[in-house]
Amino acid sequence: VQLQASGGGLVQAGGSLRLSCTTSGPTFSRLTLAWFRQAPGKEREFISAVFRGSSSTHYADSVKGRFTISRDTAKNTVYLQMNSLKPDDTAVYYCALDTRGRMILSSVTNPTAYNYWGQGTQVTVSS
């Protein structure tokens, strides 16, 4: 299974970016996919997830109302639309995938619950 993340870049505060993560995993719609980020000197932080087998989505409080996760099962791609970006959003963004299919809802924010990770894409928000 491979994950290919893209869409990062440099943007001014208040701007928008859309990240994409394309996977080669089977039965895409049955998998839990998530976005995490990691800023220098900080731990990896949960951002958003779309839970397996449903359209249920989840967000960290820090991005709720600004970021939107979605997936296109025909393209095996998950997106993260990021609006109203702030300098605090600067980080490397990672997509993550759980192919084991047994994740419980309360674990979606836990990085150890995912067994595949993309390579990361840098997002830099200037003030």
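The following paragraphs lead from the overall fold of this chain to its core, its disulfide and a few individual residues. The model is predicted.

The secondary structure consists of eleven strands and zero helices. Read along the sequence, the pattern is accordingly β-β-β-β-β-β-β-β-β-β-β. The overall dimensions can be described in two ways. Along the principal axes, the C-alpha atoms occupy a box of roughly 40 × 25 × 25 Å. The radius of gyration is 13 Å, which agrees with the value near 14 Å that a compact globule of 127 residues would have.

The contacts and the surface add to this picture. Of the contacts between residues at least 6 apart in sequence, 57% join residues at least 24 apart. Buried residues account for 44% of the 127 residues in the chain. The chain exposes about 6,300 Å², and carbon and sulfur atoms supply 47% of that area.

From the surface, the description turns to the interior. The largest nonpolar core contains 37 residues, and those with the most contacts inside it are Trp 35, Phe 67, Leu 80, Met 82, Tyr 93 and Tyr 114. At least two residues of this core come from each of the strands β1 (3-6), β3, β4 (32-38), β5 (45-50), β7 (67-72), β8 (77-82), β9 and β11 (121-126). Strand β9 gives the most, with five residues.

Met 82 illustrates how such a residue is surrounded. Apart from its neighbours within four places in sequence, Met 82 is in contact with Gly 15, Ser 16, Leu 17 and Leu 19, with Arg 66 and Phe 67, and with Tyr 93 and Val 123. Two of these partners, Phe 67 and Tyr 93, are themselves listed with Met 82 among the residues that have the most contacts inside the core.

The covalent cross-link comes next. A search of the whole structure finds one disulfide. This bond joins Cys 21 to Cys 95, with an S to S distance of 2.0 Å. The pair links distant parts of the chain, since Cys 21 belongs to strand β3 (residues 17-23) and Cys 95 to strand β9 (residues 91-98), 74 residues apart. The torsion about the S-S bond is about 60 degrees, so the disulfide is right-handed. Are its two ends buried or exposed? Cys 21 has a relative accessible area of 0% and is therefore buried. Cys 95, at 1% relative accessibility, also counts as buried.

Ser 20 lies in strand β3 as well. Its relative accessibility is 15%, and Ser 20 therefore counts as buried, the cut-off being under 20%. Leaving aside neighbours within four places in sequence, Ser 20 contacts Gln 4, Ala 5 and Ser 6, together with Trp 35, Thr 77, Val 78 and Tyr 79. Trp 35, in turn, is one of the residues with the most contacts inside the nonpolar core.

Gln 12 offers a view of the surface. This residue is in strand β2 (residues 9-12). Its relative accessibility is 60%, and Gln 12 therefore counts as exposed, for which the cut-off is over 50%. Which residues does Gln 12 touch, not counting those up to four places away in sequence? The partners are Val 125 and Ser 126. The C-alpha atoms of Gln 12 and Val 125 are separated by 5.4 Å, although the two residues are 113 residues apart along the chain.

Conventions: Residues are numbered from 1 along each chain as its sequence is written. This is a predicted model: local features need pLDDT of at least 70, side-chain atom pairs count only at pLDDT 80 or more; totals for chains, interfaces and linings use all residues. Side-chain values use heavy atoms; hydrogens and water are left out. A disulfide is a pair of cysteine sulfur atoms within 2.5 Å. Helices (H or I, at least four residues) and strands (E, at least two) are DSSP runs, numbered from the N terminus. Buried means under 20% relative accessible area, exposed over 50%, partly exposed in between (1.4 Å probe, protein chains only). Contact means heavy atoms within 4.5 Å. A nonpolar core is a set of buried Ala, Val, Leu, Ile, Met, Phe, Trp, Tyr and Cys residues joined through side-chain atoms within 4.5 Å. The radius of gyration is taken over C-alpha atoms; the globule rule is 2.2 Å times the number of residues to the power 0.38. Accessible areas come from the Shrake-Rupley method with a 1.4 Å probe; for residues, only the protein chains shown count as cover.
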